[in-house]
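User: Please go through this model with me, one question at a time. I would like the reasoning before each result.

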Amino acid sequence: MKSLVPHAIALAVSALVATSGIAADHSAPSARAENPYLSQADAAARSARVSNVAYVLDFTLTGKENFSNTTTVTFDLKDNAQPLTIDLNKATVKRLVVNGKTVAAPQYNNWFITLAAADLQAGRNTVTVDFERPHSTNGEGLHRMVDPADGRVYTYSHFEPAAAHQMFALFDQPDLKATYQVNVTAPADWTVVSTARETKVEDAAGQAGMKRWTFPASKILSPYNFSLHAGPYKVWEDAKSAKYPMRLFSRQSVADQVDPAMWFEYTRQGLAWFDEYFGIPYQYAKYDQLIVPDFLYGAMENAGAVTFAEHSFLYKNKPTGAQKHDLASVIMHEMAHQWFGDLVTMQWWNGLWLNESFASFMGTLATAEATEFKDSAWQYFYAQGKSAAYVMDQRVTTHAIETPVPSTANAFDNIDAITYSKGASTLKQLRHLLGEETFRQGVHNYLVKYQWKNAKLDDFIGSLAGAAGRDLGQWTQDWLYQPGVNTIAANYSCKGGKIDAFSLKQTAVAQFPTLREQRVQLALMQKKGKQLNVAKVLPVTYKGAVTEVPELKGAACPDLVYPNYQDWGFVKAKLDARSFGTARKDVSKVEDKLLRTMLWHSMWDNVRDGELALNEFIDTVLINAPLEKDYVLLGDVLGKTGQAIRYLRTMAPDGAYTNGVAARIEKMAWAQAKAAKGDFQRRWFGTWLGAAGSKESLARIAAMLDGREKLEGLTLGQDLRWQMIAILNNKAYPGAEERIVAEQARDKSDSGELAAVAAQAARPDAKVKQEWLAKINDTQTKLPFSRIRTAMHALYPSSQVALNEQSASARLAQLPLLDKSAGPVFMRDYAGAMIPATCTPASVQRLADAAAANPGLSAGTRRSLLVAHQEDQRCVAMRQALTVKLD
């Protein structure tokens, strides 16, 4: 096992690294490959010939399963020496007209239309495509959803990375920006939303019950930033916005779960802040936001019409502080994209990281400086984003921030915490390195120079380097083109209570040996009574293997040293032995909440690295968690506690130690939930539910659902009720299946249907598992994809190892067939949820064998397989590091 899998992994990673120099081929165009995807080479060849693009889009939307469209695209063509392709996915083409000539038999393969060279001309061309197509139901293209609560039909578009051709005919690549003039015929009770506000709405001639919406030509946009949404949406308008009109949309049946005042407040704050920071006013005249169902991601930055996922931003109870922060930060993230992504856009998908990293960084900065979360935004960023990036950057599938994307099939292979949070962290530390105002000026210069255009990484770095007056070539090479995270540790000695030598030691793993330059802060801490106080802070720029810090010679010998105080740098901070002992014993005594957060993360790192026994970490939690008074950090610690329980339940679902720890956590969490109020109570109650498994806790859940027992101060909203019912069915509690049926009768919403699926799939019954597996594996199923993906993630809870094992080999055996037939949207969820890893040497070997046997898997699926293997190895190592017996 140890010889086979590292070899397979090394091949996968070296392939990623070795291709980092791939460039687009600008040679003479050749025939485009007959597949659904667009290669970078083909895109570059097309954009070398095509320019000055404009679309006129005429849609007829009836609410039925199909829609019709007439696309007219005009463009300049450099030459007509070769055919030209125009993208259109799985449509019934009724008419094709090229430069006034009707093409009798269009050359169309269900992915793109090939326009014959003889029909084209050097100079201006006009192509009209008349077609009909089914709406999509997987969240891409023009998605259609029938609300189960009231039968109303809603549609919205989602195009990133390259799904606009599921809605109209176009050149579906980011560097062929265009204008979009839209006309829509839709039911009279619908509202239609696009990048610009409509100029006219009138009765549709000869079509009773229909309206005709006319929109002006948009500003120039990459295709994935354009959007169109239509349905009988509930609409709120902001009466307070003076500079930019703002609207908010949701389905009618969920409108009572929306607090428009909160949305508008954060949006106003963000627009004002970004206008000032960038020095360029918002460009799209109005700011619409739509909360939409079945959404694949969190949100999408469509210019002037941003979409948000219902599953993340609807609240059946009063939103918690964490939920409000998430909303504010995502609003800011998508708003940053209106400048950095929409106004200036990457040339190709290898630049997607820059869009997302910048939006993640700027979204956090705006949240910290413009909203009520001034004191916690960076703490959330560390706990939720940066810590995930550290984990991702230590995986076998780590990759450089800037990495090649051969085709649109690979555009989302690297949508992960490295692309978002590591990239954002590098920008944060670059801002510290250059200075805040220099960084801001460089960003402003970049946006001014490249507005309405496409740009590359070198353009962005060049703008920052110009503002700073320094060469950033080495920084770029080290941080953006080299994968892996470094580790720093303080190396010091004391004599007579004083430091007599101090240095910072930087290390890297053998596979990625780059040592980087970075500016951090050192914090030296001393115990004083019941407090662990920061006694001295020193900014240090380190590079190479060892950086001497002579300024600390003679300082009082510290009880704890933290080498990345206030989180300036992106680096794994390893505590020296003295500091580690202090942290384990006295972490709750550290006054600085961000530092406490980082110390907890260092301890969790040690657990995952096999250097601290999981049971000892749990003991630290049981002592310190009840003392934690910071809401954000409590959520982080309790989140790690939930992970610890899941690890133990995978290792030994019925083990004496597992059950004993769960009982201790149950007891702690219930006592804290009874004593706490508001958001703190909800945090502790959620932890109690996560640990629940004893007869007493399950009986208590049932009694609370029935109203026979209450927790004072806690409201059992619908989402919480479903969570509790799912726990009962997960444990096969008597009457749990009947509870699902009864709850469905009282909650007929779409979210209720999804919650019922999750609860049903979690039942520990082999027949239930097989029935859901059959539905998941049926790529022709009529079930909405939202139901299928929900079942995937609910089917095998950590405690159901034996049931997971029953189909594990079969699932791995069929992985290559499913990978070829199902497509990337399906496989992103399937590979993340359904690859079996059950924390035994046999499971590790099974995954190793699957990786070795299936080198031809798609890049995304293979990465998921390699990650599953590595995490399974980690779980086994953590099991071996335990200092207690599980049974």
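## Contacts, helices and strands

User: What is the relative accessible area of Arg124?

Analyst: Buried means under 20% and exposed means over 50%. In this predicted model, Arg124 falls in between and is partly exposed. Its relative accessible area is 34%.

User: Which residue forms a salt bridge with Arg124?

Analyst: The closest N and O atoms of the pair are 3.1 Å apart, which meets the cut-off of 4 Å. Arg124 lies in strand β8 (residues 123-134) and its partner in strand β2 (residues 66-77), so the salt bridge ties together parts that are 48 residues apart in sequence. The partner is partly exposed, with a relative accessible area of 24%. The residue is Asp76.

User: How many salt bridges are found in the whole structure?

Analyst: The pair of Asp76 and Arg124 is a salt bridge, and so is the pair of Arg431 and Glu436, at 3.5 Å from N to O. Arg431 counts as buried, at 10% relative accessibility. A search of the whole structure gives a total of 54.

User: Asp586 forms a salt bridge with which residue?

Analyst: The closest N and O atoms in this salt bridge of Asp586 and Lys527 are 3.1 Å apart. The pair links distant parts of the chain, with Asp586 in helix α12 (residues 577-586) and Lys527 in strand β25 (residues 518-528), 59 residues apart. At 2% relative accessibility Asp586 counts as buried, whereas its partner counts as partly exposed at 39%. The partner is Lys527.

User: Which residues are linked with Arg395 in a network of salt bridges?

Analyst: This network has Lys and Arg residues on one side and Asp and Glu residues on the other. The residues linked with Arg395 are Lys572, Arg608, Asp609, Glu871 and Arg874.

User: How many aromatic pairs does the structure hold, and what is the angle between the planes of Tyr233 and Phe249?

Analyst: The structure holds 51 aromatic pairs. Tyr233 and Phe249 are one of them, at 6.3 Å centre to centre and edge-to-face. Tyr233 lies in the loop between β15 (228-231) and β16 (234-237) and Phe249 in strand β17 (residues 246-250), so the pair ties together parts that are 16 residues apart in sequence. Planes over 60 degrees apart count as edge-to-face, and here the angle is 85°.

User: Are Tyr233 and Phe249 buried or exposed?

Analyst: The cut-off for buried is under 20% relative accessible area. Tyr233 has 4% and Phe249 has 0%. Tyr233 and Phe249 are therefore buried.

User: Trp604 and Phe617 form an aromatic pair of what kind?

Analyst: The centres of Trp604 and Phe617 are 5.0 Å apart, with 55° between the planes. Trp604 lies in helix α13 (residues 593-608) and Phe617 in helix α14 (residues 614-624), so the pair ties together parts that are 13 residues apart in sequence. Both Trp604 and Phe617 are buried. The pair is tilted.

User: The charged end of which residue sits over the ring of Trp378?

Analyst: A ring with a charge over it also occurs at Trp670, where Arg700 lies over the face at 4.1 Å from the ring centre. At Trp378 the charged end is 4.4 Å from the ring centre. The residue is Lys428.

User: Where is the kink in α7 centred?

Analyst: Helix α7 (residues 377-393) has 17 residues, which at 1.5 Å a residue should span 24 Å, and its end C-alpha atoms are 23 Å apart, which agrees. The helix is mostly covered, with 15 of its 17 residues buried. The kink is about 35° and is centred on Ala383.

User: Which residue in the turn of the β9 and β10 hairpin has a positive phi?

Analyst: Strand β9 (residues 141-146) pairs with β10 in the antiparallel sense over 6 bridges, and Arg144 stands opposite Thr155 in β10. Both faces of β10 are covered: Val153, Thr155 and Ser157 are buried on one side, and Tyr154, Tyr156 and His158 on the other. The hairpin has 6 residues between its strands, and the phi in the turn is about 80°. The residue is Gly151.

User: What separates the C-alpha atoms of Val884 and Glu616?

Analyst: Val884 is in the segment after α27 (859-881) and counts as partly exposed, at 31% relative accessibility. Val884 and Glu616 are 268 residues apart along the chain, and their C-alpha atoms are separated by 9.3 Å.

Key: Residues are numbered from 1 along each chain as its sequence is written. This is a predicted model: local features need pLDDT of at least 70, side-chain atom pairs count only at pLDDT 80 or more; totals for chains, interfaces and linings use all residues. Side-chain values use heavy atoms; hydrogens and water are left out. Helices (H or I, at least four residues) and strands (E, at least two) are DSSP runs, numbered from the N terminus. The expected span of a helix is 1.5 Å times one less than its number of residues. The bend at a residue is the angle between axes fitted to the seven residues ending there and the seven starting there. Buried means under 20% relative accessible area, exposed over 50%, partly exposed in between (1.4 Å probe, protein chains only). A salt bridge is a side-chain nitrogen of Lys or Arg within 4 Å of a carboxyl oxygen of Asp or Glu. Rings of Phe, Tyr and Trp (its six-membered ring) pair if their centres lie within 6.5 Å; planes under 30 degrees apart count as stacked, over 60 as edge-to-face and the rest as tilted. A charge sits over a ring if NZ of Lys or CZ of Arg is within 6 Å of the ring centre and within 35 degrees of the ring normal. Two strands pair if DSSP finds at least two bridges between them.
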